[in-house]
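Here's a quick tour of a protein model, written for someone who likes to know the cut-offs behind the words. Have the viewer open and follow along.

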Amino acid sequence: MQPTKSVLSWTLGLLAGAVITAAAQQLPLEPIRERGQGVYPVYEGWYKNADGTFTLLVGYFNRNTREAIDVPVGPNNRVEPGGPDLGQPTHFEPRRGWGVFTIKVPADFGTKKIVWTVNANGLNASVPMHLDPNWFIEPFEDAASKNRPPMVRFEPGGRPFAGPPDGIRAELTALAGEPLLLALFATDVKPTANLSASRSGPSRERLDVTWSLFRGPGKVVFSTSKPPIEKGDGRANTTATFDRPGEYVLRVEANDETGEGGGGFQCYWTSVHMRVTVRPAVQTTGNN
């Protein structure tokens with residue numbers, strides 16, 4: 001079986017595109033561990049926008065199986081040129097994060113490059129992003145199956161969002177230490193071809209959503225990060241509790257039967273960012 005384009009992107013990003021320096025060198029194909037390993041930026045590919053500009057799709061690979069890592073924007077988490085802050089995450093969940101943010105570049109970007117560098121657990125890793133034709137992707141529809149990403153709305157009949165993330169799409173406020181309701185509505189349109197035809201076992205239908213922290217000054221606890229989706233309107237509710245005040249960005253990802261990252265094709269999935277402004281908890285004083 002030929003490797004998919006995103007698998008090639010991941011491998012090449014680690015072996016060829018990444019510049020790795022550390023006191024104790026860590027090789028990309030070393031055995032994984034629960035903790036103490038680094039984070040690799042991953043360039044997924046690019047696509048052209050209707051206005052002639054281009055969008056670079058970017059993810060990461062946190063080699064740890066249990067350790068989530070926080071790296072604030074700055075010398076250890078920077079995008080250059082134009083940065084250091086071009087919307088990259090500061091919180092890295094364990095393992096692979098597929099297409100977690102995008103960078104829009106002008107129509108005349110040409111052969112220029114943008115580099116994302118992350119230094120975590122003493123490992124410094126960088127990946128260049130560019131418009132090489134070999135890295136072209138089609139995240140909104142698969143040419144063969146006509147499959148499209150699931151749609152996510154934050155209110156019934158509201159604006160649908162599908163495909164890679166594109167800025168902040170919803171804003172909420174919360175109080176530190178108090179649960180915040182996160183309501184969304186997820187739907188999916190089945191493709192004309194059977195996506196499971198080339199896989200062993202019977203075909204299956206799937207639609208699920210996953211919430212995670214993208215940026216923030218503290219910790220977030222979800223009542224469930226994978227809320228069940230109700231039949232009919234596609235409602236999927238959960239709550240998030242923030243341990244301290246500040247500005248947070250949450251990410252919700254919707255997947256169909258192809259799985260995370262579209263099964264390696266950088267299609268079939270949707271990622272949306274939400275900003276939550278968390279205020280200090282209300283202080284009450286009792287009467288004597």
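## A three-strand sheet with β1, β2 and β6

Let's start with one pair: Leu56 has Ile103 as its bridge partner in β6. Leu56 falls within strand β2 (residues 54–62), which pairs with β6 in the antiparallel sense over 8 bridges. Two strands count as paired if DSSP finds at least two bridges between them. Strands themselves are DSSP runs (E, at least two residues), helices are runs of H or I with at least four, and both are numbered from the N terminus.

The wider picture is an open antiparallel sheet of 3 strands, ordered β1-β2-β6. Its edges are β1 (39–48) and β6 (95–105), each pairing on one side only. From one strand to the next, the twist averages 25°; the angles run from 0 to 180 degrees between N-to-C directions, with axes as lines fitted to C-alpha atoms (for helices, over the stretch in contact).

## The model and its overall numbers

This is a predicted model, so local features need pLDDT of at least 70 and side-chain atom pairs count only at pLDDT 80 or more, while totals for chains, interfaces and linings use all residues. Residues are numbered from 1 along each chain as its sequence is written, and side-chain values use heavy atoms, leaving out hydrogens and water.

The protein has 1 helix and 16 strands. Of its 288 residues, 48% are buried; that means under 20% relative accessible area, with exposed being over 50% and partly exposed in between (1.4 Å probe, protein chains only). Take the contacts (heavy atoms within 4.5 Å) between residues at least 6 apart in sequence: 70% of them join residues at least 24 apart. The accessible surface comes to about 14300 Å², and carbon and sulfur atoms own 53% of that. The areas come from the Shrake-Rupley method with a 1.4 Å probe, and for residues only the protein chains shown count as cover.

## Around β4, β7 and β8

Another open antiparallel sheet has 3 strands in the order β4-β7-β8. Here β4 and β8 (123–129) are the edge strands, each pairing on one side only, and the twist averages 15° from one strand to the next. Between β4 and strand β7 (residues 114–120) there are 4 bridges, in the antiparallel sense. Within β7, Thr117 stands opposite Arg78.

Follow the chain into the loop between β4 (77–80) and β5 (91–92) and you'll find Gly82. Is Gly82 buried or exposed? Gly82 counts as exposed because its relative accessible area is 64%. Gly82 and Val115 are 33 residues apart in sequence, yet their C-alpha atoms are 9.9 Å apart in space.

## Strand β16 and its partners

Strand β16 (residues 269–279) is mostly covered, with 8 of its 11 residues buried. Strand β10 (residues 168–175) pairs with β16 in the parallel sense over 7 bridges, and Ala174 stands opposite Val278. Strand β15 (residues 246–256) pairs with β16 too, but in the antiparallel sense and over 10 bridges; there, Glu247 faces Thr277.

## Arg215 up close

Which strand holds Arg215? Arg215 sits in β12 (residues 207–215), and it counts as buried because its relative accessibility is 19%. Its side chain reaches the backbone oxygen of Gln88 at 2.8 Å. Leaving aside residues up to four places away in sequence, Arg215 touches Val73, Asp85, Gly87, Gln88, Pro89, Thr90, Tyr248 and Val249.

Definitions and conventions:
A polar contact is a pair of N or O atoms within 3.5 Å; within protein, one must be able to donate a hydrogen and the other to accept it, and residues adjacent in sequence count only if both atoms are side-chain atoms.
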